[in-house]
Amino acid sequence: MPHYVHPTTSAEHEEMTPAGIQRVTNFPFSERPGRLKISRKSLLSILPDRATVGVFIQIYLDTIEQAYSVLHQPSFESETSKFWDDASAVSDSWLALLFAVLSLGCHAYNATAHGKQQPYPGLDVQLLDASEACLKMTPLMYHPDKSNIQTLYLMVIFKQLDRMSCHQTGACWPLTGLIVRLAMMLGIHADHPGNDALPDGEIQHRKDLWGSIILLEMRQSLVSGMPLLLQVTDFGRIELVSDDPTKRSFYNSIPLLTQVLSTLDLNRNQLEHDKVLEYDLQLRQLLKDPNLALDSPSNSYPARLLFNVFYRRLLLALHTSFAQEPRAWTRYPVSYWSTLDSCLGLLAIQRELCEDTTDKRKNENKESGHLMAWFAGLFREDFFTAAMTLCHHLVKANSPLEPSASTGCFCQQQARDTILKTLVSCSGLWEAEEGLSVCHREASRVMRSVIDYLRVQFSCD
């Protein structure tokens, strides 16, 4: 990174969360002094009491698990009971999974602890380090099991949530590729004869887990700009199963999403506008699904958030190259306005998640505003991209967002003011979290600088 991105004084270092600075770049395959001969007893010694462990697990189940469906909950509960009876009875691979679940739950707990609650500073990182240590005790590279895949999956999620980093999207893409390959080694992607010996519940969970892996792979391909490693032929061999209508809608849309991502990967500079318009119609049809509405009464609020962000970001990726062309509002009007609409939709989601941090309940599952603000950390890169895209549109000269003095119509002025007010409010959300990391602070600085410039240009308070 440029030299000016790094803190230059001790005071700035003190503002940063230690976990954001000390995180090793090669996690979860790092080596640190004293890590090689660590014992299981030492790892278990960092666990809090059983009641607190239960709280961490429940927070994870109410957020990440609802969105991504990584665990087979009956099996996980059974193994957890076995663990409390005899810690030596569980495998290293399952213990790595337990530590990963607890790390995410603790991370959310610390982020949402207010008033009488006592947070556990640094414990989330310790738990994740313990997960990494347990994972290294397993032969995952040549004989993986399902727990290995689930653990690596949650480590990708933690990387996204921990701190916004300049290296975040690039680092998660190869790790996601490893998850895909290990799942294929285990046969999770295929309905082969060996599965007949498995219980029905396990067969169904493997199908759902493969669907979750597909979602993670697609999302990482989109945000990193790297190729989609899976092809349509990798999806047709197995019937995906889920009782969640939101996820069923996603499963049914996998062929379309694969085509869109493959088109972006192969022809990013040679997109056919007619094809983009065709995909636009189909993606907007997905967004109209009542099961995806954020005010839907269904109990899968985190999943609906995830898919809303994913589809809007995909629309933004499709249209951006055309929307940035000279006089795009006349040559490619659908792309121009669709880009604005997608960005405003993403920032509206950010405001919904982060501005209301009271204990107001949002749905049947009763997630608090603070917990949803923590969950919004999964989408920091999406929100920043949307904000910068809107800024790009506003600084363009002779755009339709400028007021038309000749006609006396100032609708454009109102639209521009609305966009600028949205940017200002979202900039405030970033400023409130400047201490998360150096990169997060730099992103906030850039956003604030651009908005200050726009305010001067348009003389808008």
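**View 1. Helix H8 is wrapped up by its surroundings.** Twelve of the 14 residues of H8 are buried, so the rest of the structure largely encloses this helix. Here, "buried" means under 20% relative accessible area, while exposed means over 50% and partly exposed is in between (1.4 Å probe, protein chains only). Helices are DSSP runs of H or I with at least four residues, strands are runs of E with at least two, and both are numbered from the N terminus. Among the buried residues of H8 are Leu123, Asp124, Glu132 and Leu135. How far should the 14 residues of helix H8 (residues 123-136) span at 1.5 Å a residue? The answer is 20 Å, which agrees with its end C-alpha atoms being 20 Å apart. The expected span is 1.5 Å times one less than the number of residues in the helix.

A quick note on what you're looking at: this is a predicted model, where local features need pLDDT of at least 70 and side-chain atom pairs count only at pLDDT 80 or more, while totals for chains, interfaces and linings use all residues. Residues are numbered from 1 along each chain as its sequence is written, and side-chain values use heavy atoms, with hydrogens and water left out.

**View 2. The whole chain is built with helices and no strands.** The protein chain has 21 helices and zero strands. Of its 461 residues, 55% are buried. Contact means heavy atoms within 4.5 Å. Of the contacts in the chain with a separation of 6 or more, 74% are between residues 24 or more positions apart.

**View 3. Helix H7 is another one that's largely enclosed.** In H7, 19 of the 21 residues are buried, so the rest of the structure largely encloses it. Helix H7 covers residues 92-112, and its end C-alpha atoms sit 30 Å apart, which agrees with the 30 Å that 21 residues should span at 1.5 Å a residue.

**View 4. Phe375 meets residues from far along the chain.** Phe375 belongs to helix H18 (residues 369-375) and is buried, with a relative accessible area of 0%. Skip residues up to four places away in sequence, and Phe375 touches Thr63, Ile64, Ala67, Leu161, Pro302 and Leu305. Take Ile64: this residue and Phe375 are 311 residues apart in sequence, yet 7.9 Å apart in space, C-alpha to C-alpha.

**View 5. Ser335 is tucked into helix H17.** You'll find Ser335 in helix H17, buried at a relative accessible area of 0%. Which residues is Ser335 in contact with, leaving aside neighbours within four places in sequence? They are His273, His319, Phe322 and Ala323.

**View 6. Cys343 and Cys391 don't pair up.** A disulfide counts as a pair of cysteine sulfur atoms within 2.5 Å, and by this rule there are zero. The cysteine sulfur closest to that of Cys343 is in Cys391, 9.7 Å away, which is too far for a bond. Both are buried: Cys343 has a relative accessible area of 0%, and Cys391 is at 3%.

**View 7. The largest cavity has a mixed lining.** A cavity is a set of points, on a 1 Å grid over the protein atoms alone, where a 1.4 Å probe fits but cannot get out; lining residues have an atom within 4 Å of a point. There are five cavities of 30 Å³ or more, and the largest has a volume of about 100 Å³. Its lining includes Gln350, Arg380, Trp430 and His440. Helices H17 (333-354), H19 (380-395) and H20 (411-431) each supply at least two lining residues.

How values were computed: On a 1 Å grid over the protein atoms alone, a cavity is a set of points where a 1.4 Å probe fits but cannot get out, and a pocket is an open set with protein on both sides within 12 Å along at least five of seven lines; lining residues have an atom within 4 Å of a point. Grid points are joined across faces, edges and corners, and a volume is the space filled by probe spheres set on the points.
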